[in-house]
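Hi everyone, thanks for making time today. I'd like to walk you through a structure that is probably new to you, so let's put it on the screen.

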Amino acid sequence: MEVLKRSNRFYDTRRFGQPQIRLRHRKGIGLKSPSYVLRCGCCDQKLEIFYSDDGLEIGGVNGTLEDWREILLPVLLIERRGCQLIDLAAKTKNPANKTVRRKGGSRSAPETSRTSLAAGSRR
Ligand SMILES: [Zn+2]
């Protein structure tokens, strides 16, 4: 797993328009799992997330990955369909993507998909 790093400036609103969560990573030592310490972008509130291959402990609450996924994916506006993860936030922000994605099957080539759609409607 790649360790996420951030600048950790206090009250940094540049990326999200709201204070970005400050983040620190801790390596696992002995029996202690590695963790992320998340600190609020605007105050001293913090939360530690310990992670391993089979589970997470978030703020002192232990659960399997599957348990956490069931709870957190809907809250993060991510829907699971089989093995696919669907970003519901992207869908609602830009409804035009809906059709493009269905036809083209790829986010990276919207121009191609739009062209083929237009060609199809001319027939
Ligand atoms: Zn805060």
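Which residue in β2 does R24 stand opposite? R24 stands opposite V37. Before we go on, two words on the ground rules. What you see is a predicted model, in which local features need pLDDT of at least 70 and side-chain atom pairs count only at pLDDT 80 or more, while totals for chains, interfaces and linings use all residues. Residues are numbered from 1 along each chain, as its sequence is written.

When I say strand or helix, I mean a DSSP run, numbered from the N terminus: E over at least two residues for strands, H or I over at least four for helices. Two strands pair if DSSP finds at least two bridges between them.

Back to β1, then. β1 and β2 run antiparallel and are joined by five bridges. Moving along, β2 (residues 35-39) is also joined by five bridges to β3 (residues 46-51), again antiparallel. Two pairs to look for here: S35 stands opposite F50, and Y36 has I49 as its bridge partner. These two strands make a hairpin, with six residues between them.

β3 also pairs with β4 (residues 55-58), antiparallel, over three bridges. Look for Y51, whose bridge partner in β4 is L56. This is a hairpin too, with three residues between the strands.

Now let's put the strands together. They form an open sheet of five strands in the order β1-β2-β3-β4-β5, with antiparallel pairing. Why do β1 and β5 have one side without a neighbour in the sheet? Because they stand at the edges, each with a single partner strand. On average, neighbouring strands here are turned by 20 degrees against each other, direction ignored. For such angles, axes are lines fitted to C-alpha atoms, for helices over the stretch in contact, and angles run from 0 to 180 degrees between N-to-C directions.

What packs on this sheet? That is α1, which touches β4 and β5, and its direction makes about 100 degrees with that of β5. Contact here means that the C-beta atoms of two residues, placed from the backbone, lie within 7 Å.

After α1 comes a loop that leads to β6, and L77 is found in that loop. The phi of L77 is near 60 degrees, a positive value in a residue other than glycine. For context, most residues other than glycine have a negative phi. L77 counts as partly exposed, because it has 13 C-beta neighbours inside 10 Å. The scale is this: 20 or more other C-beta atoms within 10 Å is buried, 12 or fewer is exposed, and in between is partly exposed, with C-beta atoms placed from the backbone.

There is another such phi in Y11, near 55 degrees. Y11 lies in the segment before β1 (22-26), and Y11 is exposed because 12 other C-beta atoms lie within 10 Å.

Last stop: β6 (residues 78-81) and β7 (residues 84-87) pair antiparallel over four bridges. R81 stands opposite Q84. The two strands form a hairpin with two residues between them, and G82 in the turn has a positive phi of about 65 degrees. Thanks for listening!
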